[in-house]
Amino acid sequence: MLVKHGIAVSPGVAIGQSMVLGAESFRIPQRFVSVSAVDAEINRFRISLQAVCTEIEENERVARERLGKQYAAIFTAHLMMVQDHRIVDEIELLVRQKCFSPEFAVSRVFRQYAKKFQNLGVPYLAERATDIFDLEKRVLRQLLGERREELRNIQAPVLILAHNLTPSETASLDKAYVLGFATEVGGTTSHTAILAGALELPAVVGVGNFLSDVAGADTVIIDGSHGAVIIDPDAETLARYRAVEQEHRNFSNRLEAIRTLPSVTLDGVGISLYGNIEFPHEAASARQRGGEGIGLYRTEFLYLDASAEPTEEDHYRSYCEVLKAFPDRPVVIRTLDLGADKLPIGFRMEYPEGVNPALSLRSIRLSLQHLDLFRTQLRAIARAACHGDLRIMFPLISTLLELRQAKMILGDVLEDLEEQGIAYRRDIPVGMMMEVPSAAIMAEQFAREVDFFSIGTNDLIQYTLASDRGDPRIANLYRAGDPAIIRLIQIVVKAGQSRGIPVSVCGQMSSDPLFVPLLVGLGLRQLSVTPHLIPEIKELIRKLTISKAENLANRVLRMETANDVESFLRGEHRKLSPESPA
C-alpha cells in the first residue's frame, strides 16, 4: 500500500481501478486472465515484444542514416532495454504465476524499473525513466492493437490518474464511468479543480510525482476530502474507506430534505443562494438543489468544449437554455474569461514564450482586443435578456477606463440591434467581478458605475498574495483566510452598501462551509456556489444568527495570520455542523 498526499479540491471518496494517463491514454482492459489462457497470453506478449524490437531497429536505422551513429545509439539502448531478460522474465512470471494480463504485467514491471531510476538520486539516470515509459507505451500499443483509450470513450468505471487534466478534458469526463481523479500538478482553484466540484467528482490535485508508482487497473482510493491518494490499499484501509464512502452517501441523502427550505438565518434574514455553472444543463441541477438563480455562468466553456468558434446563435441558445431553468430569477452571464489555463487552440499564439498568461491578455482584456468576438457575445446576451432576468458581468476589471470601454461597446451593440430591428433588452443590469486588488481598493468609485459586484475570490487571492492558483509548491501562500483577503472583501461590501448595490461572492470561498459564517458576518447577503453544495451551505445558514456571524467576523478582523483565521473558523464550523463527514 502506498499513500500519497495532495490538495483536496472536491470532497468525497472514490474507490476503483486506475486509468493512468501519460502523454498517451492507454487503458488496461483487464487485470487478470484465466489459467487456461496463460500460454496463449504469453505468446501474445512475445509477438508484441518482437514487433516493438522490429520497430526500434527501424528507428535505429533511420537515425543512423539521417543523423549519425551517436543518435542511433539512443535506439540501440532502447533495444537492449526492452530485450533485457530480467524485464522479460519478470513480465512472463507475473502472467504465469499470478495470471496477470500481459498489459497489466507490462505496465507494472516497466513502472517499477522507472521508479528505481527516479530514486537513484542521479539526474542523468532519473531522466532514463522517460525512456522506460516510452518503451512501456510501445509494448502496450502493440498489445492493444494500437487501441488508445480516449477520455470521451471510457466504458467502464475508473479513477483517472494523470500528470494534469486541462479544463476541457475535465469537462469531457463522463460521470457514468469516471469515479474521481487525481493529478500530479494543479492547485485549489485551478479551473480543473473547479470543474471537479461542478461534476461532483472526488478529486485531489498537486500530488507530485506518483504516476510511476501505479499501473493501470491497480486498486486506488481517492479521498477528495483530505487530499489522499491510496494505491493498492490493504484490506483494513479498504474497509475503512468503504465505511467513509457510505457516510458521505448518508450525509447527501439527509441534505435532500434541506433543498426545498428557504435560505434564512435563525433570526429570519434571507441569504440568497445561487449556482455557479460552466454548462447550460447545470442550471437545472442548481434549481433542483434549491438554488435561487445563477450567480455565475462561466461562458468561456462554450469555447473550450467546441471544435469551432461559437456563433451568436450558439451563445443565444445556451443562454436561453439556462433561462428555462430560472425564467423568473436572476441569471448572471459572465462575459468570456479566456486566457491563463483556459486557452482554446486558436488563442495560443497570443502568448509568446516568456509571457505570464495570468498577467497578460486574458479575460476582459482579451475581449477588448477581439471586438468581433466580444460583440458576438454581447448581442446574444442582449437578445436572450428578453426572456428573463439576465444580467451581464465583466470579469477581471482592473481600472475604471477598462470598465467604461466595455460598457461603451455594450452601448454600441444595443444601438446596432435597435437599428436592425432585432428584439433585445435595453436596461439589462451590468455588473463586474471584483477579483483584482486595484478594483477592490477603488470599489467606491466602481460602485457608482455598475449595478452589482460579484467578488471572485480565486483570482483576488492569486493577485493579492502573488501566488499562482495552480502551483502546489506555493499552496501554503494561496490562502482564503489571509487577513489581506478578508479586509479587501470588507472594503467591497462596504462600498456596495454605501451605494445600495448588491454584492455577492462567487469564488470558491463561498462554496467552502468554513468561510460561510464569516462572509455572512461581513455583510454578504448573496452567495453563488457550486450547485451540489447548495443544500450543505443552506443548512449552515439556517443554523446561524446575524449577530453570531457578525461577532465571528469581528474576531476574525482582529487576527493577523491565515493560520489563526482558518484554525478559528474550523473550530466554529465543528460547533455548527458536528455531523458533517470527517
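A crossing of two helices is left-handed if the near helix is turned anticlockwise from the far one by less than a right angle, and right-handed if clockwise. I keep that at the top of the page for the helix pairs.

**Entry 1, ground rules.** I am working on a predicted model, in which local features need pLDDT of at least 70, side-chain atom pairs count only at pLDDT 80 or more, and totals for chains, interfaces and linings use all residues. Residues are numbered from 1 along each chain as its sequence is written, and side-chain values use heavy atoms, with hydrogens and water left out. Helices (H or I, at least four residues) and strands (E, at least two) are DSSP runs, numbered from the N terminus.

**Entry 2, α3 and α4.** I looked up helix α3 (residues 85-98) against helix α4 (residues 102-118) and found an angle of about 140°, with the axes 9 Å apart. Axes are lines fitted to C-alpha atoms, for helices over the stretch in contact, and angles run from 0 to 180 degrees between N-to-C directions. I therefore enter α3 and α4 as oblique to each other; under 35 degrees counts as roughly parallel, over 145 as roughly antiparallel, 65 to 115 as roughly perpendicular and the rest as oblique. Their crossing is right-handed. For contact (heavy atoms within 4.5 Å), I noted that the α3 residues include Ile87, Ile91 and Leu94, and that those of α4 include Val106, Val109 and Phe110. The contact residues divide into ten nonpolar, one polar and three charged. Here Ala, Val, Leu, Ile, Met, Phe, Trp, Tyr, Cys and Pro count as nonpolar, Asp, Glu, Lys and Arg as charged, and the others, Gly among them, as polar.

**Entry 3, α17 and α18.** I checked helix α17 (residues 457-464) and helix α18 (residues 483-499): the axes come within 10 Å and cross at roughly 125°. That makes α17 oblique to α18, and the crossing is right-handed. Thr457, Leu460, Ile461 and Thr464 of α17 meet Ala484, Ile485, Leu488 and Ile489 of α18. I count six nonpolar, two polar and no charged residues in this contact.

**Entry 4, the sheet.** I traced an open, mixed sheet of eight strands in the order β1-β8-β7-β3-β4-β5-β6-β2. Strands pair if DSSP finds at least two bridges between them. The edge strands, each paired on one side only, are β1 (2-5) and β2 (7-10). Neighbouring strands are turned by 30° against each other on average, direction ignored. β1 runs antiparallel to β8 (residues 228-231), joined by four bridges, and Leu2 stands opposite Ile231. Helix α8 (residues 235-255) packs on the sheet, touching β3 (13-21), β7 (219-223) and β8, and its direction makes about 115° with that of β3.
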